[in-house]
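User: I want the reasoning behind each label here, not just the labels. Set each value against its cut-off, please.

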Amino acid sequence: MSEQKLQSQTVQTTGHAWDGDLQEYNNPLPAWWVYTFYATVVFALVYWTIYPSWPFGKGWIGGVSQITYVNSEGETKTHSWNTRALLMEDLNQAAAAQKPYFDKVSAMPYEQIAKDPEMNGFILSAGKALFADNCAPCHQAGGQGVVSFFPNLTDDDWLYGGSYDTIHETLMGGRRGYMPAFGEVLDGEQVDQLANYVASLSGIEHDAGKAAAGNVLFHSDTAACYYCHTSEATGRKDMGAPNLTDNIWLWADVPAATGGEGKVAAIRGVIANGLNKGVMPAWSGRLSPEQIKVLTVYVHELGGGQ
Amino acid sequence: MQTGLEDQLGLYQKRIPIFTRSVKGRFRRFKTSVLVLAYAIYFLLPWLPWSRLDAPAQAVLFDLPGRRFLIFGLTVYPQDVIWLALLLFIAAIFLFFVTGLVGRAFCGYFCFQTLWTDFFIWIEHKIQGERPARVRLYRQPWDREKLVKVGGTHALWILVSFWTGLTFVAYFTYAPQLVVDFVTGQAAAAAYITTGILTLSTYAAAGLMREQICTYVCPYGRFQSVMYEPETLAVHYDARRGEGTLGRAVVRAGRGIVVERRRAEGAVAEERRRSSLSAGQRALAERNEKGFGDCVDCGLCVQVCPVGIDIRDGLQYKCISCGLCIDACNTIMDSFGFPRGLIRYDSEKNLAAATPAPPRVQWKRLKTIGYGVALALMIGYLGYSVATRGSFDRAVNQIRQPLYVVLSNGDIRNRYQIRITNKAAEDQTYVFSARGIPADALDLGNFNEITIKPGHSGLVQASVRLSPAVAANTQHFELVITPRGKPAEARSEKVRFDTPGKRP
Ligand code: SF4
Ligand code: SF4
C-alpha cells in the first residue's frame, strides 16, 4: 500500500484539481500509438474523399470514385461508387465477353453450331445456365421432366416434334395441350374399353375382349379418338397429340403403376378426366432471340433431337 | 501497480545490434559453397534457354495465364496438383528426418533467411570492415565517412533485394522480355507490385531484421525443439571440458600468462604461451591440473555468432546451428595447440556420458527409421507417378439427371460426359470406343473424335443405348479413349450403366 502510494506520486497529473483534491493522472500514450492514430485519421480523410461517406440531406456524400454502367434498359449511368453499380459493371463485362459467342450463334445455322467444337462448348455451358434459370423449374435440371406434369426432353418422343425448327417454334410461341374429358360423353364401361385398347397398343397386360371393343370405339365417331391420335394411334405432332403406341408416357403414370390392372386404371383416369394442363409459356418476349437459339440447340442435344 | 515515469518500461525491447566477426573454417567453407550454389541456381535458372514449340524458350517457367508449369521437359498442369502435395509432404518429412539426426541443418545452412542475411553481412563486411571497425563506425557520429559507408551498404542491399525480387518474377514470365518491359514501364502491374514487395521484404528481413526473423517471426525455430532427441547431433559447448572445476580462464599474451578465475575463487595460475602442439598439450595439462577448463574465454564464439548468443550457455532456441562458433573455437584451439572440438557437433546423451565417445550420427531409432521409410516411399511414388503419367487426363462422368431414359421402343439410354485434357506438347486427336457392350451401342453425336490443343480440355457427350434384354445384364462397361496414332497410350475407364429396375 505504501509502496503503491509512493509510486503513484511520481506519475504526472493533468495539473488540475477538482473539489480541492480530485486529480487526474496523465499517462501518455506510447508515441508509435499516437502516430498510428494520426495515420488512421489521414486514412479516413482519404477514404471519405474516394468513397461514399457521410449522410447529407436526403442522400449522402458520394466521393470522387465513380462507376459507369449500362442498365437493363440500355441507358448508360454514372454513379458514385456502390456495390450495386459495381455488380452492374461486372455484369456488363460478362455480357461483353459473351457477345462474340452470341453473335456467332445468331449468324450460324443450327447444324453448324452443333458440329463446331468451340460453339458446342459454348452451348453446353451457356445453355446449361439458361436452362437452369428458365426451364428447370418445370422440366427439371437435366430436362427429365415430371410424369403427369412436364414432358421429358431427353427421350426420343416429341409431342410437337424434335427438329431444331419445331423446338424453336415451341420455345418462341409456347404450347397448350388439351384433351377433352371423355368421362362426360362416354359411360364408364366405354372408357374402360378404350383404356384396355390403349394398353394393348404398347404391349401392356390387358383384357383382350374389352380391348377389341375399345378398338372399335377408338375408330368410331362416338369417341373419335382417331381425330387427333390418328387411326394408327401414332399421334399428330401438329396438334401435340401423343403417340399411344410407344413406351413413353407423359400424362398417365403407367411406369409407376403396378400390374396390368393398375396401368389400365392410370390410362382410364386420363381418358375420363381429359387434360387441360399441358401449358408451355411463350419465351419470345422474355429471352433474346440468341438466347432462345442457344436453348434450342441445348434442348436438341439433351438426347432426343431429331 | 503504477510505474513511475522514470522507470517506465519500454513497449518493446530495443534490438542490440550484432556485428559478426568473420571466421575461417570447415563450416564457413560449407556455408559459402551452399550460398554460391543456391545463388547460382536461383539467379541464373530463369535465364536458361530451352526450346519449346508453344511456349517461350525458358527452361523453368511458371506459366500462370496458361495454367501450367514448364519445368525443363516436363509440363505440369493443375490436374497434377497431387505432385505438389507430395513434394510438400516430402519436404516436410525430409525436414523432420534431418532435424532428428543433425538438428537445425536447414536453418543454419540452407534457409533463405540465413543465406540472404549471410550475403548481406558479407556486403557490410566488405564496405565497413571487420567487426571492430563496424563497431567503431556504429558509435561514431554521422560524419562523411559514416554516411558514405552506411549509405553504400544500404544501397547495395537494396540493389540485391531488387534483383532478388525481379528474379522471382522472372520465373513467371519470359525473363529477357521482362527485364526490357520492366525498364520501359511495359511490364504487368503484378510484376511491379511483386518486385516491389519482395525488394522491401528482402531488404527488411536480411538487412534490418536478420536474427529477429529467426527469433520472433519464424515458427520453425520454435517447434524444432520437439524434433530433437537426446541422440540428435547439435552444436554444443563441451562444458565439462571447457569449464573444468574452477571455470574458464583467460590467457593473456605478452606479460606471461595471467589466468583469470571466473567460476571459483582464489587461484591464479601462470602459464606461458606456446604455439607448438606438444607445448600446447603441456600448457593444457598444467591448466587442467590447476582445475581450469579448456575455454580461454576469448569470446570469439560469441563474436562470430549471427544471432548474438553465447553457445556456452547451452543449447538455446535462438541458435540456428550455423556452426560458425565451431570454426571460431577450433581456430582458437589450434592457435594454442589445444585439441579441437571444445565446441562441436555432439549429442546431449553423449555429452552427459561418463566417457563421451567420438560424436557420430545416430540413426538407429524408431522415429528416424520411420521418417526414412516414409521418405523413400513418397519419393518412389512421386518418381513413379511422374515417369508413368499418361499423355492426357480423362474423366468420364455419367449424367445423373436422369440416370437413364426409356426410349419409345423400350430401349434404355444412359448419357456420359467425357472431359479430356491434353497434356502432350502438340495437338492431339482422340477417338472413342467401348468394350463390353454391342459395337453400335455407343453414340458420340456430332463428335466422333475430338482434337485438343496442348494444355487444353475438351468435352464430348456420349450416349449408350441398349435393348432392355442387354441392359438388364449390363452393370458396367469400359470406355476406351485412344490418342489417334498412339494405340499404346490408350486408356480405358470403367463406367456404370443404369436401368429402371436396377437399384444401386
Ligand atoms: S551459437 Fe551462434 S554461431 Fe554457434 S551455431 Fe548457434 S547460431 Fe551459429
Ligand atoms: S571460442 Fe572457444 S575458447 Fe573462445 S570463448 Fe568460445 S568456447 Fe571459449
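User: Which residue in S5(B) stands opposite Val235(B)?

Analyst: Tyr345(B) does. This is a predicted model: local features need pLDDT of at least 70, side-chain atom pairs count only at pLDDT 80 or more, and totals for chains, interfaces and linings use all residues. Residues are numbered from 1 along each chain as its sequence is written, chains are lettered from A and ligands numbered from 1 in the order in which they are written, and side-chain values use heavy atoms, without hydrogens and water.

User: What makes S4 and S5 of chain B a pair?

Analyst: Two strands pair if DSSP finds at least two bridges between them. Five bridges join S4(B), residues 233-237, to S5(B). The cut-off is met, so the two strands count as paired. They run antiparallel. Strands here are DSSP runs of E with at least two residues, helices are runs of H or I with at least four, and both are numbered from the N terminus.

User: Why is S5(B) called largely enclosed by the rest of the structure?

Analyst: Buried means under 20% relative accessible area, exposed means over 50%, and partly exposed lies in between (1.4 Å probe, protein chains only). Five of the five residues in S5(B), 343-347, are buried, so the strand earns that description. Ile343(B), Tyr345(B) and Ser347(B) point one way, while Arg344(B) and Asp346(B) point the other way. In chain B as a whole, buried residues make up 45% of the 504.

User: Which residues surround ligand 2?

Analyst: Ile343(B) is one of them. The others include Tyr237(B), Cys295(B), Cys298(B), Cys301(B), Arg312(B) and Cys329(B). To be listed, a residue needs a heavy atom within 4 Å of the ligand. The shell divides into eight nonpolar, one polar and two charged residues. Nonpolar covers Ala, Val, Leu, Ile, Met, Phe, Trp, Tyr, Cys and Pro; charged covers Asp, Glu, Lys and Arg; the others, Gly among them, are polar.

User: How many charged residues are in the shell around ligand 1?

Analyst: There are no charged residues there; the shell has 10 nonpolar and two polar. Val235(B) is in it, along with residues including Cys305(B), Cys319(B), Cys322(B) and Cys325(B).

User: How many disulfides are there over all chains?

Analyst: Zero. A disulfide is a pair of cysteine sulfur atoms within 2.5 Å. Take Cys225(A): its closest cysteine sulfur, in Cys228(A), is 8.9 Å away, too far for a bond.

User: Is Cys225(A) buried or exposed?

Analyst: Buried, because its relative accessibility is 11%. Cys301(B) is also buried, at 8%.

User: What makes S11 and S14 of chain B edge strands?

Analyst: The open sheet runs S11-S9-S13-S14 in chain B, with antiparallel pairing. S11 (449-452) and S14 (491-496) each have a single partner strand, so one side of each is left without a neighbour in the sheet. The twist averages 30° from one strand to the next. Four bridges join S9(B), residues 428-435, to S11(B). In one of the matches, Thr429(B) has Thr451(B) as its bridge partner.

User: How do H1 and H14 of chain B pack?

Analyst: H1(B), residues 26-44, and H14(B), residues 324-336, pack at about 145°, with axes 7 Å apart. Axes are lines fitted to C-alpha atoms, for helices over the stretch in contact, and angles run from 0 to 180 degrees between N-to-C directions. Arg26(B), Phe27(B), Arg28(B) and Lys31(B) meet Leu324(B), Ile326(B) and Asp327(B). By class, that contact has three nonpolar, no polar and four charged residues.

User: What does Asp118(B) touch?

Analyst: Arg28(B) and Lys31(B), leaving out residues up to four places away in sequence. Contact means heavy atoms within 4.5 Å. Asp118(B) is in H4(B), residues 112-128, and is buried because its accessibility is 14%.

User: Why is Phe72(B) called partly exposed, and Arg210(B) buried?

Analyst: Phe72(B) has 31% relative accessibility, so it falls in the partly exposed range. Arg210(B) has 7%, so it counts as buried. Neither is a glycine, yet phi is positive: near 50° in Phe72(B) and about 45° in Arg210(B).

User: What makes the bond between Gln401(B) and Pro402(B) cis?

Analyst: Omega is about 0°. Pro402(B) sits in the loop between S6 (392-398) and S7 (405-406) of chain B.
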